[in-house]
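Here are my notes on the model, as numbered points. Please read them with the structure open.

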Amino acid sequence: MSGIGASRVVLITGCSSGIGRATAERLAGRGWTVYATARKVEDVADLERRGCRLLPLDVTDEGSMRSAIEEVEKAEGSVGVLVNNAGYSQSGAVEAVPMEKVRCQFETNVFGLVRMCQLVLPGMRRQGYGRIVNLSSMGGKLTFPGGGYYHATKHAVEALSDALRFEVTGFGVKVVLIEPGIIRTGYAEAAVDSMGEPETGGPYAAFDAAVARATRETYERGPLARLGGGPETVAGVIERAISTEKPRARYAVTPSATLLMTLRRIMPDRAWDAFLRSSFPRPGRTNGGSAS
Ligand code: NAP
C-alpha cells in the first residue's frame with residue numbers, strides 16, 4: 001500500500017511538560033490529530049481542551065507502551081508520526097552514579113525510544129507511510145563533564161537513528177533527529193534533582209556541586225541562555241520536519257546548538273577539555289580534592 005490516504009496521526013511521549021507539551025499544543029492547534037501521552041495522564045488533562053487525545057504511557061514499561069499503541073491503532077489504523085520525546089538527564093560523576101540509576105537512564109532515553117520504534121513500525125510499513133522524530137540533543141555530538149550517562153544515551157540515539165533511517169526509508173518511513181541546544185523547560189531542574197544530595201567530603205562532592213551550579217547558570221542567566229530558546233521553538237522545528245515532503249536527517253535547534261556542535265567538531269580534544277575547565281573544576285588530588 002502506498003502512503004496515499006495513510007494515517008497521519010501523531011503520538012508524542014512525555015507531554016507533561018517542556019518540549020512534548022509544546023509540540024502537542026502546537027500540532028493540535030494546527031489541525032493534526034495528536035495523542036498526547038504521559039506517565040500520569042492527569043498531568044496532561046488540560047491538553048484535552050487544546051484538542052489532544054490522551055493516553056497513559058511510560059516508556060520504561062512494555063505493557064504501557066503496547067497498550068498505548070494498540071489504542072491508537074484500533075482507532076486510527078496506524079500511528080503516522082511518532083515523536084520520541086520522553087527523556088531526562090541522570091547527571092553526576094561516572095564513577096559515582098549508582099548502576100540502578102544508570103540502567104533507568106538507558107531504559108528511558110534509549111531502550112524506551114527504540115521499543116516505541118519497534119512497536120509502531122509494522123503499522124507504518126503496512127500503510128507505506130511514517131515519520132519517526134527522535135529527540136536527541138546537541139549532547140549527542142559533544143559531552144559535558146557530569147553528564148556522561150545522559151550524553152551516552154543521546155550518542156546512542158544518534159547512532160540508532162542513523163541506522164534506522166537507512167533501514168526503513170524503503171518502506172516509506174522517514175526518521176528525523178532533533179538536536180536542541182539550551183531549551184528552557186523542566187530539564188535543568190530534573191538534571192540537578194537526579195544527582196540527589198552531594199556526599200559531603202566525597203571525591204566528587206565539589207565537582208557535583210559545580211555541575212549543579214553550571215547546569216542552573218547555563219539555563220538561567222549564562223551567556224549560552226541568550227543563545228537558547230523556549231520549547232515552542234523546538235515544537236516549530238518538529239512541525240516543519242513532519243510537514244515537509246523531504247525532511248532533513250537532523251535539525252539543530254537554536255544558535256546554542258549550532259555554536260557548541262561546531263566548536264566541538266573543530267576543536268582538538270585537548271582544546272575542548274581546556275574550554276570545559278572554565279566552567280567545571282576537575283576532581284582529584286591535583287586540584288585539592290579528596291581521594292576517597
Ligand atoms: P522536561 O520538561 O523535563 O520534560 C521531560 C518529559 O519526559 C516529561 O514530560 C517527563 O514526564 C517525561 N518522561 C520522563 N521519563 C519518562 C518515562 N519513563 N515515560 C514517559 N515519559 C517520561 O524536559 P524537556 O527539555 O522538555 O525534554 C524533552 C526531551 O528533549 C528529552 O528527551 C531531552 O533529553 C531533550 N532535550 C532537551 C534539551 C533542553 O535543553 N531542555 C536539550 C536537548 C534535548 P514526567 O513528568 O512523568 O517525569
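1. Start with R39 and the ligand. In this predicted model, an N or O atom in the side chain of R39 is 2.7 Å from an oxygen atom of the ligand. S16 also approaches the ligand: a polar atom of the S16 side chain lies 2.6 Å from a ligand oxygen. At I183 the backbone is involved, with one of its polar atoms 3.0 Å from a nitrogen atom of the ligand. Each of these three distances falls within the 3.5 Å used for a polar contact.

2. How much of the ligand's accessible area does the protein cover? On its own the ligand has 890 Å² of accessible area, and the protein covers 92% of it. Two elements give two or more residues to the shell around the ligand, namely α1 (18–29) and α4 (148–168).

3. The ligand is surrounded by 27 residues, and S16, S17, R39, Y150 and T185 are the closest. Sorted by class, the shell has 13 polar, eleven nonpolar and three charged residues. R39 and Y150 therefore fall in separate classes, as Arg counts as charged and Tyr as nonpolar.

4. Y150, one of the closest residues to the ligand, belongs to helix α4. Its relative accessibility is 9%, so Y150 counts as buried, the limit being under 20%. That value takes only the protein chains as cover, so the ligand does not contribute to it. From Y150 to Y187 the C-alpha distance is 12 Å, with their positions 37 residues apart in sequence.

5. Helix α4 also holds E158. Is E158 buried or exposed? E158 has a relative accessible area of 4% and is therefore buried despite being Glu, which counts as charged. The side chain of E158 makes a polar contact of 2.7 Å with the side chain of S136.

6. In helix α1, look at G20. G20 has 0% relative accessibility and so counts as buried. The C-alpha atoms of G20 and L224 are 22 Å apart, and the two residues are 204 apart in sequence.

7. Next, the aromatic residues. The count of aromatic pairs comes to five. One of them is F144 with W272, a stacked pair with 6.5 Å from centre to centre and 20° between the planes. F144 is in the loop between β5 (130–135) and α4, whereas W272 is in helix α9 (residues 269–276), so the pair ties together parts that lie 128 residues apart in sequence. The term stacked applies because planes under 30 degrees apart are classed that way.

8. W272 has a second partner, F275: the W272–F275 pair is tilted, at 5.3 Å centre to centre and 45° between the planes. Both residues lie in helix α9, three residues apart, which is about one turn of the helix. W272 is buried, at 2% relative accessible area, whereas F275 is partly exposed, at 32% relative accessibility. Through these ring pairs, F144, W272 and F275 form a cluster.

9. Two arginines sit over aromatic rings. R8 lies over the face of Y129, 3.7 Å from the centre of the ring. The charged end of R125 is over the ring of F171, at 5.5 Å from the ring centre.

10. Which residue has a positive phi although it is not a glycine? That residue is T254, with a phi of about 85°. Most residues other than glycine have a negative phi. T254 is in the loop between β7 (250–253) and α8 (255–266). With a relative accessibility of 11%, T254 counts as buried. Please check this residue when you go through the backbone.

11. Last, strand β1 (residues 10–12), which contains V10. V10 counts as buried, at 0% relative accessibility. V10 and C52 are 42 residues apart in sequence, and their C-alpha atoms are 9.9 Å apart in space.

Technical notes. Residues numbered from 1 in each chain as written. Predicted model: local features only at pLDDT ≥ 70, side-chain atom pairs only at ≥ 80, totals over all residues. Heavy atoms only, no water. Near = heavy atom within 4 Å. Polar contact = N/O pair within 3.5 Å; in protein donor to acceptor, adjacent residues only side chain to side chain. Areas by Shrake-Rupley, 256 points an atom, 1.4 Å probe, with all protein chains shown as cover. Helix = DSSP H or I, 4+ residues; strand = E, 2+ residues; numbered from the N terminus. Phe/Tyr/Trp six-rings, centres within 6.5 Å; stacked < 30°, edge-to-face > 60°. Buried < 20%, exposed > 50% of the residue type's maximum accessible area, 1.4 Å probe, protein only. Lys NZ or Arg CZ within 6 Å of the ring centre and 35° of its normal.
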